[in-house]
Amino acid sequence: MAPDADFKNIWLVCLWMQVVWSLDEVVLLNPPEEPLPDYLLQILYSCDEPAAVQLDCIVSFEIGTVSTFLLRNWSCVPGERVIKTTRLNLPDWLVYQADGVVPDSQWVLSCILRASVRSRGLSDSERSIRAQDVASVQPKPFFSRPCKRHKLCFAWCKQMLQLTPKFLQRQCPFEQETVQILTTIFASTGENFGVTKTLEPFRNEFLEYVRLKNNLFPWCMISFWIFLTSHCKQNLCGLFYHIDSQNNYVTPTVLLKQTGHLHIQMNGESEESSAFLSLFTVPLNQWCQISLMLEGRKVKVSMACLNRTIQVSEHVFGHAILFDDTEGYFVVGGGKFIQGAEGYFGPVVYNRNKISAQKQSETVIPDVIKSLNLTGWLQSCQEFREEMVTKIKGFLLKKKQRIGLGKRFRCLLDIGEVIISKDCDSFNFSETGFDISHPWMGKKELPPNSQCEPWEKTAPHRKKAVDLAMLLVFKYGEKVSLEAVSKALYSLSVQRLSRASSIAVVSRMLPLLLQAGCLGDNGALHMSSVLYSAGLGVQKQPVKAWLLALLAAQKDDRLALLHLGYMHHQGRHGLPKDPDLAYAYYSNIAKQTTLDRHNHTLQQSFVEAVYLNNEEALNLQTREDHHIFQWLKHQAQRGAADAEQTIARMLFWGQQGLSPNIQEAVKHYRRGAVQLEDPVSMYDYGIVLLQGHGVDKDIQKGLTFLKKSMDQGFVPAITALAWYYEQYEHDYRKAVQLWEKADLLGCPDAALNLGVIHSLGLFPGKPASQYMAYTYYLKSANRGQIRGAVHLAEVWATGIPGNVTRRPSDAVLWVKWAAEQNGYLGRILRKALDSYLLSDMFSSLLYYVIAAESGYAPAQFNVAYLCEQNAGRFLDPAFAKHCMWTYYNFTIQSENSDTYALIRMGDLLYEGHGSRGRDLFFAAQMYTQAALKGNPQGWYSLGLLAEDVYRLPLSILSKLGLSKLYMADNSLLQTALFQRCRDSDIADSYLPCSLALFKVFLQSFQKEYSDSFKFLAAVAVVAGPTVLVIIGALRRRVLSLN
């Protein structure tokens, strides 16, 4: 032992003996139990030599720090014991509530009063203390403390500070340690799309202190629910994992193996990574809760499935586990670097600083899983599928035996010639000669001569599906599958709906749609979801609509993905409003949109935003036998390049009412390029030659036309040539030169390709730069490039550490816009518009509702407009009014809301509906928005509101630039409003607004001069007789003179 240590121990013993045998003493006689203002504290003390008495306050905070505050000190003279009474002046922040003058403080855990007798001339250490006494003071919670009555007046700035919500609405500094990463259910298609989440540091300093301290000794728990529909098709599939700022998998990472085992991976401080496999496998087609518990170096993973025992695997890592949950981001499902598991993800819960112990009996199924009842639907569908398989096998056996073919059924099979495709899965009733309206299809019994066997017994509600399966089997034989029956059922339902004249037929067709969906048709699932969501012809059932949308979206149905994205973007039907979850759905269909545009099919059409109240846009719709199209063909034959371009574009994309005809479009591209030498046509023809759309691929010939187009100054041709050099010759320097040239000329494709080059590190002489790529993606998206929007959204979904902050709300807007350019949505819109032009209002409404429930604003407007017009009274008036309320309301929430919708929504708010009374304030807001967007009807309606003796609020008048008229006479305000209506650029508003202005003038004139008119009338009544007397007297005098 060192000499210094020996000396220290001897000194401590001597000090202890001195304290025990000396006369130094100090006692706190009446310490308070809690901090009190102006408390009188009594202290007894004595000393055997000159010393000092000191009173301290020792405070410990929740963040782990300890502070000592000197309250008072005085001299001690040797002699008798002395009792001193002193005012206890504790810090204001410990006694009072914070009020702007009294400062706020950290959360106090404990407070100790210490009185001590200290030797003079020594520092504040153990050596200076000769005697001491301590007492614990329990701090009061913030809201239990009194407010200090200040003796001086507050400064003005302090008074204003006290009026802020921080002091008026102060809340307890409570922060959840449990994070709900996912609160609902996510349908995973097994692709690179998932839910991305990030966590922020704790605002509470104590919790943040604990979190940072546990980074190398994590003590936390993560649990998530999973419903697998298929085993992992790759080596690994994503379940729940953590990606850091360097794009590495870090603690914790839970992946799924092909075998069904869980792969659990952790990393350490020195970037070492270790993993282990669970001893159990995750079963298919049932909900299971996976729980991951991190206890320092030990990791425990457990699985609790319904009606099964809990299975557990443990592993102790040989290195410390590093886990910083604010670094990078978490992913549920698929992501940039891995595909997700196929199935459904339930709620994901993360306990950041604790582990909640759960027993098997305590495993609670979340309410969202109970209410959805996914398992019940799949079980009933499985029973139905097994029944249909049995019946198809039986019908095949009957066909071989030629049993049960009555005369009536044989006649039925002979109705029309059916074109049998090579693959029966592509069977479509609409392409056959079978008459779906044949009387036999409406029967609920088999033909009379058929012989029924026990397996042929069928529940009444499934009779039509079985009859249809029998028909298909006897017509197509062994080619019939459940998928073929489902397609036939869906086609039958759609055709019957298209022939309906009212919504009453929906309730009869819905069972067929549900059965078709059960058998595997995703379009039937999505249409059923839409009908339940909108309440069109059936009772609105939001939960069932959500279930059916999840089933279709999990099978990668584009419109169902769009529907679910809109649900979570707006928080419809009580679902959580979650931009990250909405992004997961939207990004899927947005990515498919970029691929669909390069793989154009007849099932796609160009998305055109046609509003049904726009007569000019409706008049531009045409057909191949329409006079507009014939006129364009005539102009093209005369050598008009613009007409040739228009015809080719309309035929290639299926625009303005034409059906897509790629081969015919290519002919027009060729004619414009070869005969007319039009640079636009040469570019288009070169592109189809390069990609082989509607023509044999010919790269050299396509390259020739692109060069000719570029030589004539057509900017997109420059980008196309750069793409050729990059793809075929791998000349990145030449490609970049051309792209930079096109970018300076505002080409969106050039900016996109430059972004990709920077991202991949292929830019000559420059390293990979995600930030440079981001700048080009932003430029490309703002120029209207769909792929640029998708890439930009990917950056905003996760952010770039140190350069770009995460912006999930903006990311979802970009992928929503990109998703709404999908050609399959365009096909639905085309069917809706064609039906409207043919005066088939119900079919038009049906297709527009499908698009409207996907969140497409023009379709939402058209649904409301059809309900408003209600041509032929095909809708119940109450439903039509509710429909207007719903879809006009959706329309005005879009980014570029239509002014007509704003006016009509204002009218509905003005009139009121059902239990909703009149709301003039919100009506005025709608009219104001329409007026500021240039619609004179908005000014006119505001004038009528003012005429209705409604005082427009100052906030609205300020937006209109009329705040100076707030206290003016009502007629002056009406005059200003109607004048702006009259002076608008729309000529049709001049006459009605002028008449309204004239009416205001007459009313003002009558009001101002009514008293004068009354006075003149009174004078006339009083003075009339006198005037007559005078006139009579004068007349008599004249007569006498004569």
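In this predicted model, Cys288 and Cys305 are joined by a disulfide, with 1.9 Å between their sulfur atoms. The link has a right-handed twist, with 105° about the S-S bond. It ties together distant parts of the chain: Cys288 sits in strand β16 (residues 287-295), Cys305 sits in strand β17 (residues 298-305), and 17 residues separate the two. Both Cys288 and Cys305 are buried.

The two strands that carry this bond are also partners in a sheet. β16 and β17 run antiparallel and are joined by eight bridges. Going from one strand to the other takes just a hairpin with two residues between them, and Gly296 in that turn has a positive phi of about 70°. Across the pair, Leu292 faces Val301 in β17.

β16 has another neighbour as well. Strand β11 (residues 219-228) pairs with β16 in the antiparallel sense, this time over nine bridges. Here Cys288 turns up again, since the residue standing opposite Cys288 is Ile226. As for cover, nine of the nine residues of β16 are buried. That goes for both faces of the strand: on one side lie Trp287, Gln289, Ser291, Met293 and Glu295, on the other Cys288, Ile290, Leu292 and Leu294, and all of them are buried.

A second disulfide connects Cys232 and Cys237, whose sulfur atoms are 2.0 Å apart. This link is right-handed too, with 85° about the S-S bond. Cys232 has a relative accessibility of 7%, so it counts as buried, because the cut-off for buried is under 20%. Cys237 is buried as well, with a relative accessible area of 2%.

Next comes strand β12 (residues 236-243), where seven of the eight residues are buried, so the strand is largely enclosed by the rest of the structure. β12 pairs in the antiparallel sense with strand β13 (residues 249-257), over six bridges. These two form a hairpin with five residues between them, and Asn247 in the turn has a positive phi of about 60°. β12 also pairs with strand β19 (residues 329-333), again antiparallel, over four bridges. One residue, Phe240, shows both contacts nicely: Phe240 stands opposite Val254 in β13, and the bridge partner of Phe240 in β19 is Val332.

Helices get a disulfide of their own. Cys981 and Cys993 are bonded, with their sulfur atoms 1.7 Å apart. This pair links distant parts of the chain, with Cys981 in helix α36 (residues 970-982), Cys993 in helix α37 (residues 990-1041), and 12 residues from one cysteine to the other. At 1% relative accessibility, Cys981 counts as buried, and Cys993 counts as buried at 2%.

Stepping back to the whole structure, a search turns up six disulfides. Counting bonded cysteines along the chain, the pattern reads 1-2, 3-4, 5-6, 7-8, 9-10, 11-12. Other cysteines can be placed by their accessibility too. Cys147 has 57% relative accessibility, so it counts as exposed, because the cut-off for exposed is over 50%. Cys747, on the other hand, is buried, with a relative accessible area of 5%.

Key:
Residues are numbered from 1 along each chain as its sequence is written. This is a predicted model: local features need pLDDT of at least 70, side-chain atom pairs count only at pLDDT 80 or more; totals for chains, interfaces and linings use all residues. Side-chain values use heavy atoms; hydrogens and water are left out. A disulfide is a pair of cysteine sulfur atoms within 2.5 Å. Buried means under 20% relative accessible area, exposed over 50%, partly exposed in between (1.4 Å probe, protein chains only). Two strands pair if DSSP finds at least two bridges between them.
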